[in-house]
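Here are some notes for a colleague who is opening this entry and would like a guided path through its fold. Please keep the sequence and the model side by side while reading.

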Amino acid sequence: MKTTKRILVINGPNLNLLGSRERKHYGSKSLADIESRLDDQARQAGAELVAFQSNSEAELVERIQRAGRDKTDFIIINPAAYTHTSVAMRDALAAVGVPFVEVHLSNVFAREAFRQRSYFTDLAVGIISGLGAKGYELALAFALQYSKKS
Ligand code: DQA
């Protein structure tokens, strides 16, 4: 019987630049800092965290598809700029049916109009936007209890 929860954290384009990129929107923590903190949080809860970042839409679609086959229980995803453009990533998430939370570091609703449309939100269990790196930790806390089997 499978007992360990597997949670996949997916980050989209330019999020590999976190820490140096537009700090007023995205903060000063690097993606490595964020992922390592999430890894600790998952371990403490006896869960497995898998982190993936890509700048390529095709690779992101492939990784989402793989989540449908590799026993991923929950996805935390920041699709970054693809939030506002990617029907392909949306369709991949719909196809695999793994529950997910959409995370944005910045408050996309307080920014340019084009950032206020997401191809993901209506499929998501929920969305966290504007809480910086803390948003990932809160999403993980939720994922850990959401995927907990009784
Ligand atoms: C972002 C918001 C997007 O609009 C933007 O393209 C990003 C990051 C965020 O985390 O706030 O790259 O997803």
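Which residue of β4 does I76 stand opposite? In this model, which is predicted rather than determined by experiment, the residue facing I76 is V101 in β4, and the points below start from that pair and work outwards.

1. The pair and its two strands. Strand β3 covers residues 74–78 and pairs with β4 in the parallel sense, over 3 bridges. Besides the pair of I76 and V101, there is I77, which stands opposite E102 in β4. It may help to find these residues before turning to the rest of the sheet.

2. The covering of β3. All 5 of the 5 residues of β3 are buried, so that the strand is described as mostly covered. From β3, F74, I76 and N78 point one way, while I75 and I77 point the other way, and both sets are buried.

3. The covering of β4. Strand β4, residues 100–104, is likewise mostly covered, with 5 of its 5 residues buried. Here F100, E102 and H104 point one way and V101 and V103 the other way, and all are buried; a reader may wish to note that E102 and H104 are included in this buried set.

4. The connection between them. How do β3 and β4 combine with helix α4, and in which hand, right or left? Together with helix α4, which spans residues 87–96, the two strands make a β-α-β unit that is right-handed.

5. The whole sheet. The strands discussed so far belong to an open sheet of 5 strands, whose order is β2-β1-β3-β4-β5 and whose pairing is parallel. Its edge strands are β2 (48–53) and β5, each of which pairs on one side only. On average, and with direction ignored, neighbouring strands of this sheet are turned by 20° against each other. As general background, strands of a sheet pair through backbone hydrogen bonds, and they may do so in either the parallel or the antiparallel sense.

6. The side of the sheet towards β2. Strand β1, residues 6–11, is joined to β3 by 5 bridges, and the two run parallel; within this pairing V9 stands opposite I76 in β3, the residue that also stands opposite V101 in β4. Strand β1 is also joined to β2, again in parallel, by 6 bridges, and there the bridge partner of I7 is L49 in β2.

7. The side of the sheet towards β5. Strand β4 pairs in the parallel sense with β5, residues 126–129, over 4 bridges, and H104 stands opposite S129 in β5.

8. A residue of the loop. L123 lies in the loop between β4 and β5. Why is L123 classed as partly exposed? Its relative accessible area is 32%, and because the class of partly exposed residues runs between 20% and 50%, that value falls within it. The C-alpha atoms of L123 and L93 are separated by 8.2 Å, although these residues are 30 residues apart along the chain.

9. The largest pocket. This pocket has a volume of about 160 Å³. It is lined by 16 residues, and those closest to its centre are Y26, A80, A81, R111 and R115. Sorted by class, the lining comprises 7 nonpolar, 6 polar and 3 charged residues.

Notes: Residues are numbered from 1 along each chain as its sequence is written. This is a predicted model: local features need pLDDT of at least 70, side-chain atom pairs count only at pLDDT 80 or more; totals for chains, interfaces and linings use all residues. Side-chain values use heavy atoms; hydrogens and water are left out. Buried means under 20% relative accessible area, exposed over 50%, partly exposed in between (1.4 Å probe, protein chains only). Two strands pair if DSSP finds at least two bridges between them. A crossover is right-handed if, with the strands pointing away from the viewer, the path from the first strand over the helix to the second runs clockwise. On a 1 Å grid over the protein atoms alone, a cavity is a set of points where a 1.4 Å probe fits but cannot get out, and a pocket is an open set with protein on both sides within 12 Å along at least five of seven lines; lining residues have an atom within 4 Å of a point. Grid points are joined across faces, edges and corners, and a volume is the space filled by probe spheres set on the points. Ala, Val, Leu, Ile, Met, Phe, Trp, Tyr, Cys and Pro count as nonpolar, Asp, Glu, Lys and Arg as charged, and the others, Gly among them, as polar. Axes are lines fitted to C-alpha atoms, for helices over the stretch in contact, and angles run from 0 to 180 degrees between N-to-C directions.
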